[in-house]
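Welcome, and thanks for taking a look at this one with me. Below is a short tour of its pockets, its cysteines and a few backbone details.

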Amino acid sequence: MAKGGEVKLIGGWPSPFVMRPRIALNLKGLEYEFLEEKFGAKSELLLRSNPVHKKIPVLLHADRPVCESLVIVQYIDEAWPSSGPSILPSDPYDRATARFWAAYIDEKWFPSMSGIARAQGEEAKKAAIDQVVEGLSLLEDAFGKISKGKPFFGGDTIGFLDIALGCFLGWVRVTERTQGLKLLDQAKVPGLAKWAERFCADSAVKGVMPETEKLAEFAKLIMAKFRAPPPQ
C-alpha cells in the first residue's frame, strides 16, 4: 500500500490516457492524490515533471516522475506486485500480444476514431468510420482469442489490454451520440459490446469513467478550438 502523499497523478478528468493509470491504481488498491490540470494550460509542475512531451498523465512516485500512460500502467504493476491483481500477463507471449494490440489501438484505431469528428466532408468522414469499424472487427477477433472465453482481455479481471482499450469507451459513446452511429453494435461485435458493459461496471472503472453528457460538452469545447481560425 502506498503511503499518504507518496503517489500523485497529474492529469485531467476528460483524458482517456489519464484514465489508464487511474484504473491501474484503483485495481491495485493504491491511494493517490489527483492533481487536476486546467484545460488549455500547463502547470509548472507538469512542465518540470515531463519536459520532453509536456503532456499528461504523469505519475509522481516519491517525487520521481513516470510519463506516458501505458508506461505508467506497467510501472504501477511492477512497483506494487503484491497489491491487487497482476495487470500484465505473466506469460511472455501473452504479454507481447497485449502490448502489440495496445500499440495498434494507440497508433491506428484511436486516431481513426478521433478523426471522425475532424473529417472535412462526407467522404473523409466515411473513410474514418470504415477504419474504426474495421478495427473493431479485428479487436472482436482478438478478444475471442485472448480472453479464452473469460470476461476480460486479462481473463477473470481487468488487465493491460482492457485498460488500453477501455479508457476510450467514454469517447466511443460521445462519437456514437454526436455522429448518429452505433460502433459497439451487438450484432457485429457481440463480444466487445458485452465486454464494454462489464468493463464500465467494474468498481475500478466506475468512479473515473466520465459521464457521456459531461464529456460531450467538453468535446464541443475541443471542436470549437479546433475550428477556430488561427490568430492573425
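## Ground rules

Helices (H or I, at least four residues) and strands (E, at least two) are DSSP runs, numbered from the N terminus. This is a predicted model, in which local features need pLDDT of at least 70 and side-chain atom pairs count only at pLDDT 80 or more, while totals for chains, interfaces and linings use all residues. Residues are numbered from 1 along each chain as its sequence is written, and side-chain values use heavy atoms, with hydrogens and water left out.

## Around strand E4

Pro 65 sits in strand E4, which covers residues 64–67. Its relative accessibility of 43% makes Pro 65 partly exposed (buried is under 20% relative accessible area, exposed over 50%, partly exposed in between, with a 1.4 Å probe and protein chains only). Pro 65 is separated from Lys 194 by 129 residues in sequence and by 36 Å in space, C-alpha to C-alpha.

The loop between E4 and H3 holds Glu 68. This residue, though not a glycine, has a positive phi, near 80°. Glu 68 is partly exposed, at 40% relative accessible area.

## The loop between H2 and E3

Most residues other than glycine have a negative phi, and most peptide bonds are trans. The loop between helix H2 (44–49) and strand E3 (58–61) contains Pro 57, and the peptide bond from Ile 56 to Pro 57 is cis, with omega near 5°. Lys 54 is in the loop between H2 and E3 too, with a positive phi near 55° and a relative accessibility of 37%, which counts as partly exposed.

## The largest pocket

For docking-minded readers, here is the largest pocket, with a volume of about 1400 Å³. Its lining has 45 residues, and those closest to the pocket centre are Ser 15, Pro 16, Phe 17, Phe 218 and Ile 222. Here a pocket is an open set of points on a 1 Å grid over the protein atoms alone, where a 1.4 Å probe fits, with protein on both sides within 12 Å along at least five of seven lines; lining residues have an atom within 4 Å of a point. Grid points are joined across faces, edges and corners, and a volume is the space filled by probe spheres set on the points.

H10 provides the largest share of this lining, 8 residues. By class, the lining of the largest pocket holds 22 nonpolar, 10 polar and 13 charged residues (Ala, Val, Leu, Ile, Met, Phe, Trp, Tyr, Cys and Pro are nonpolar; Asp, Glu, Lys and Arg are charged; the others, Gly among them, are polar).

## The second largest pocket

The second largest pocket encloses about 590 Å³ of space. It is lined by 27 residues, with Leu 88, Pro 89, Ser 90, Asp 94 and Arg 95 closest to its centre. H4 gives the most to this lining, 7 residues. The classes here are 11 nonpolar, 8 polar and 8 charged.

## Cysteines

How many disulfides does a search of the whole structure find? The count is 0, where a disulfide is a pair of cysteine sulfur atoms within 2.5 Å. The sulfur of Cys 67 has its closest cysteine sulfur in Cys 167, 17 Å away, so the two are too far apart for a bond. Cys 200 is in no disulfide either, as the nearest cysteine sulfur, that of Cys 167, is 11 Å away. Cys 200 is also buried, at 14% relative accessible area.
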